[in-house]
Amino acid sequence: MKKKIINSLILSMFLMTGFAFAASLSVESDKQEFVDSDNKIYLEGNVKVKTGDVNVLSPKAVVTVDPKTNKVNSVEFTDKAYSYQMQAGKKHEIKAEILEVSLLDKVFTATGHTISSVTESDRPLVIVTADKQQYNKKSNVMKAFGSVNILYKNIDTLSNEAVVNLNENNDVKKILLNGNAILKQDKSKIKADKLTYDNTTEEAVAVGNVYTDIITEDNKKIEVWSDYQAYDKKEKVVTASGSTKIKYEDYVATGPKVNVFSDKVTGKLNEAVFVGRSKIETKGRTIEADRIVITMDPKDFKAEGNVKSVIPNIGQ
């Protein structure tokens, strides 16, 4: 049996008296309909729901009520829902085809062409697009799934999945990327199975099939392959280990571990130091040593410790 409820005030009073934690819940719409058999309330036309500092707008919504406790479990907003929250001078927004809000857990689940963002004074701080997103207001953790793209400061990322940790002021603490992860920053790019960026330390850590494409300030390219890499932006140091390979112009060097350092005066990445039995190939020559140091400016290298050189075609 269906009971039509036209006045939004009636529904608001019903929801507020149904459970204590939603005492500040406010619901408005052009039309409201309660269906006993489904334990659902159908809202239609200019739906506006407000609980605490969270506001949700949508053309349609469905409120699910627990028949045992008579409390609201969740609210599902459809037809291009929009949610926003003001906190510490920042605005957190979510847009999606479908937005489900769990009022008890304060979890927002957005599905279909989702976009979430944090802005300050109309200036975007972080923008996340994905097939699906989930935001937990209690823990300030946002998870994204499917074709995930994150824009933050000068960072542009792509991945299959992502987790963004925010602090109480909605500032980004850490970004974790999983599956076909790519992180672009300035002129450099990192690819890996998994990537982590710590905003506090400005350090990026990549694990699994890692490839880094570094463009120096004088537009020269340094390519690094390895199983593991860490990039410290403050110190401008790249650390790579596990099946490590570096290519710089006609230099191709391999070894178990390498550190790429920046020049202390200019700040440019200028020195790659291989530790452990390593090898460098250039102009048909192959040199093996326990330690190999490559400099970019001036372009040069030196080998130390049990050095072995192979120079082909010496007879010619």
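User: How many bridges join strand β8 (residues 90-96) to β10?
Analyst: A quick note before we count: this is a predicted model, where local features need pLDDT of at least 70, side-chain atom pairs count only at pLDDT 80 or more, and totals for chains, interfaces and linings use all residues. Residues are numbered from 1 along each chain as its sequence is written, and side-chain values use heavy atoms, leaving out hydrogens and water. Strands here are DSSP runs (E, at least two residues) numbered from the N terminus, and two of them pair if DSSP finds at least two bridges between them. β8 and β10 run antiparallel, K91 has T119 in β10 as its bridge partner, and the number of bridges joining the two strands is five.

User: Which residue in β10 is the bridge partner of S102?
Analyst: Strand β9 (residues 98-102) also pairs with β10 in the antiparallel sense, over five bridges. Their hairpin has four residues between the strands, and K106 takes a positive phi near 55° there. Look across from S102 into β10 and you find V107.

User: Is strand β10 (residues 107-120) mostly covered or mostly open, and how many of its residues are buried?
Analyst: Buried means under 20% relative accessible area, using a 1.4 Å probe and protein chains only; exposed is over 50%, with partly exposed in between. By that rule β10 is mostly covered. Out of 14 residues, the buried count is ten.

User: How many bridges join β10 to strand β11 (residues 123-136)?
Analyst: These two run antiparallel, and T109 has Q134 in β11 as its bridge partner. Their hairpin leaves two residues between the strands, and S121 has a positive phi near 55°. The bridge count is twelve.

User: Which residue takes a positive phi in the hairpin of β4 and β5?
Analyst: β4 (residues 40-51) and β5 (residues 54-65) run antiparallel and are joined by ten bridges. Within that pair, L43 stands opposite A61 in β5. The hairpin has two residues between the strands, and the one with a phi near 65° is G52.

User: Which residue in β7 stands opposite V56?
Analyst: β5 also runs antiparallel to strand β7 (residues 81-87), with four bridges joining them. Follow V56 across to β7 and you land on S83.

User: How many residues lie between β5 and β6 in their hairpin?
Analyst: β5 pairs with β6 (residues 72-78) in the antiparallel sense over six bridges, and V65 stands opposite V72. In the turn, N70 has a positive phi of about 60°. The number of residues between the two strands is six.

User: How many residues make up the largest nonpolar core?
Analyst: A nonpolar core is a set of buried Ala, Val, Leu, Ile, Met, Phe, Trp, Tyr and Cys residues joined through side-chain atoms within 4.5 Å. F77, L99, I150, I175 and L195 touch the most other members of the largest one. Its residue total is 50.

User: How many residues are in the other core, the one with A253 and F274?
Analyst: This core lies apart from the largest one. V258 and M296 are also among its members. Its total is 21.

User: Which three strands each supply at least two residues of the lining of the largest pocket?
Analyst: The lining has 19 residues, with D186, S188, I214, I215 and Y231 nearest the pocket's centre. The strands you're after are β14 (172-185), β15 (188-198) and β16 (203-215).

Note on methods
On a 1 Å grid over the protein atoms alone, a cavity is a set of points where a 1.4 Å probe fits but cannot get out, and a pocket is an open set with protein on both sides within 12 Å along at least five of seven lines; lining residues have an atom within 4 Å of a point.
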